[in-house]
Amino acid sequence: MLIHPNPDPVALHIGPLSIHWYGLMYLVAFMQFVLLGRWRLRLPHVAAKGWTREHIDDMLFYGVLGVILGGRLGEVLFYGPTYYAANPLEIFKVWKGGMSFHGGFLGVLIAMSLWARKTKMHLADVYDFIAPLVPLGYAAGRIGNFINHELPGRIASADLPWAMIWPGVDHPVHPSPIYQALVDGVLLFAILWWFASKARPRLAVGALFVLLYGCARFFTEYFRTPDYEVSFAGLTISAGQMLSLPMIAVGATLLYWAYHIQKPASR
C-alpha cells in the first residue's frame, strides 16, 4: 500500500506571487499542444490541408480561453452550483483546482468554431487536427489534481499494491487521478496518435476522440469517488459517467457518418 506524498501545492514563491503546481500543469498542457501540433505538420496528409505553425500558435490562444472559461463554468454548473451560488468569489480561484473536462471540452469546441470562422478553415479539419493533441494535456491536468490531492478514489482493498492512503481520508483508496491520467490520457493519446498518423475521412479523428474519451471516462469513473450519483435506466451512475454518455453516443454517430454517409469528395 502507498501513501500519498502530499506535496506543497505551491511550486514557487516569487515575492507575494505564488505559482501553483496546478497552474504549471496547464502550462505543460499548452506547451505540449504546440510541440505535438508542430510534429503533426510533418505528416503529408496534414501539410496538404495547408496547416502552418502560425495556425497552431493562433489556435492556442483561442483554446486557452475555451479550456479555462469552459472548464471553470462546467465545474460550477455541473458539479457545484449550490456551493458556488453561496460562495461566488470561489469561482475565480482556479488555482485551487476544480476544472470540469466536459465543460472545457465544450468551451474548446466553441472556441475552435470561432477560430475556424475567422480563418476560413473547415471546422471538421480543425477538430481532426487538435484531437490527438488533447489527451496528454488532459493527463497533465490530472497530475495537477493528484498534487492537490483532489478527486480521491473509491475505497480500495489494503491488499492492492497501489492502494493509497489519501490526505483527509481514513481508509485506502484508488488513486483515481493517476488512473485517469493513464487511461483517459496516455492510452487515449497513443491510440489517437496512431490513428491520425494516416489520412482518414474528414471528422473521423475528432469523432474517435469523442467516442473513446467517453468510454474511457465512463470506465475510470468506477474508481473515483463520485461528486454525486444519479439513477439512469435502473442503474446508478456518477455525474462524470452521466456527462460521458452523450459523448459516446455522439462520437459513435459521427464516426459512422465519417465513414459511411459523407460524400467521398469531402474526405
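The exercises below work through ring pairs, charge contacts and annotated spans in a predicted model.

**Exercise 1.** Classify the ring pair formed by Phe 61 and Tyr 62, and decide whether Phe 61 is buried or exposed.

*Solution.* A search of the whole structure finds 18 aromatic pairs. For Phe 61 and Tyr 62, the ring centres lie 5.9 Å apart and the planes stand at 90°, so this pair is edge-to-face, given that planes over 60 degrees apart count as such. Phe 61 has a relative accessible area of 54%, and it is therefore exposed, since the cut-off for that class is over 50%.

**Exercise 2.** Classify the pair of Phe 101 and Tyr 138, then place both residues in the chain.

*Solution.* The centres of these two rings are 5.3 Å apart with planes at 85°, so the pair is again edge-to-face. Phe 101 belongs to helix α5 (residues 101–119) and Tyr 138 to helix α7 (residues 135–147), so that the pair links distant parts of the chain, 37 residues apart. Both residues fall under the 20% limit for buried: Phe 101 has a relative accessible area of 16%, and Tyr 138 one of 9%. Ring pairs also join Phe 101 and Tyr 138 with Phe 105, Phe 209 and Tyr 213 in a cluster.

**Exercise 3.** Which rings does Arg 200 sit over?

*Solution.* The charged end of Arg 200 sits over the ring of Trp 194, 5.5 Å from its centre. Arg 200 also lies over the face of Phe 195, at 4.2 Å from the ring centre.

**Exercise 4.** Describe the helix content of residues 129–147 and 203–220.

*Solution.* The UniProt entry, which is unreviewed, lists both spans among its transmembrane regions. Residues 129–147 are 79% helix, with end C-alpha atoms 30 Å apart, while residues 203–220 are 94% helix, with end C-alpha atoms 26 Å apart.

Note on methods: Residues are numbered from 1 along each chain as its sequence is written. This is a predicted model: local features need pLDDT of at least 70, side-chain atom pairs count only at pLDDT 80 or more; totals for chains, interfaces and linings use all residues. Side-chain values use heavy atoms; hydrogens and water are left out. UniProt positions are given in the numbering used here, feature names are shortened, and annotations may be inferred rather than shown by experiment. Helices (H or I, at least four residues) and strands (E, at least two) are DSSP runs, numbered from the N terminus. Rings of Phe, Tyr and Trp (its six-membered ring) pair if their centres lie within 6.5 Å; planes under 30 degrees apart count as stacked, over 60 as edge-to-face and the rest as tilted. Buried means under 20% relative accessible area, exposed over 50%, partly exposed in between (1.4 Å probe, protein chains only). A charge sits over a ring if NZ of Lys or CZ of Arg is within 6 Å of the ring centre and within 35 degrees of the ring normal.
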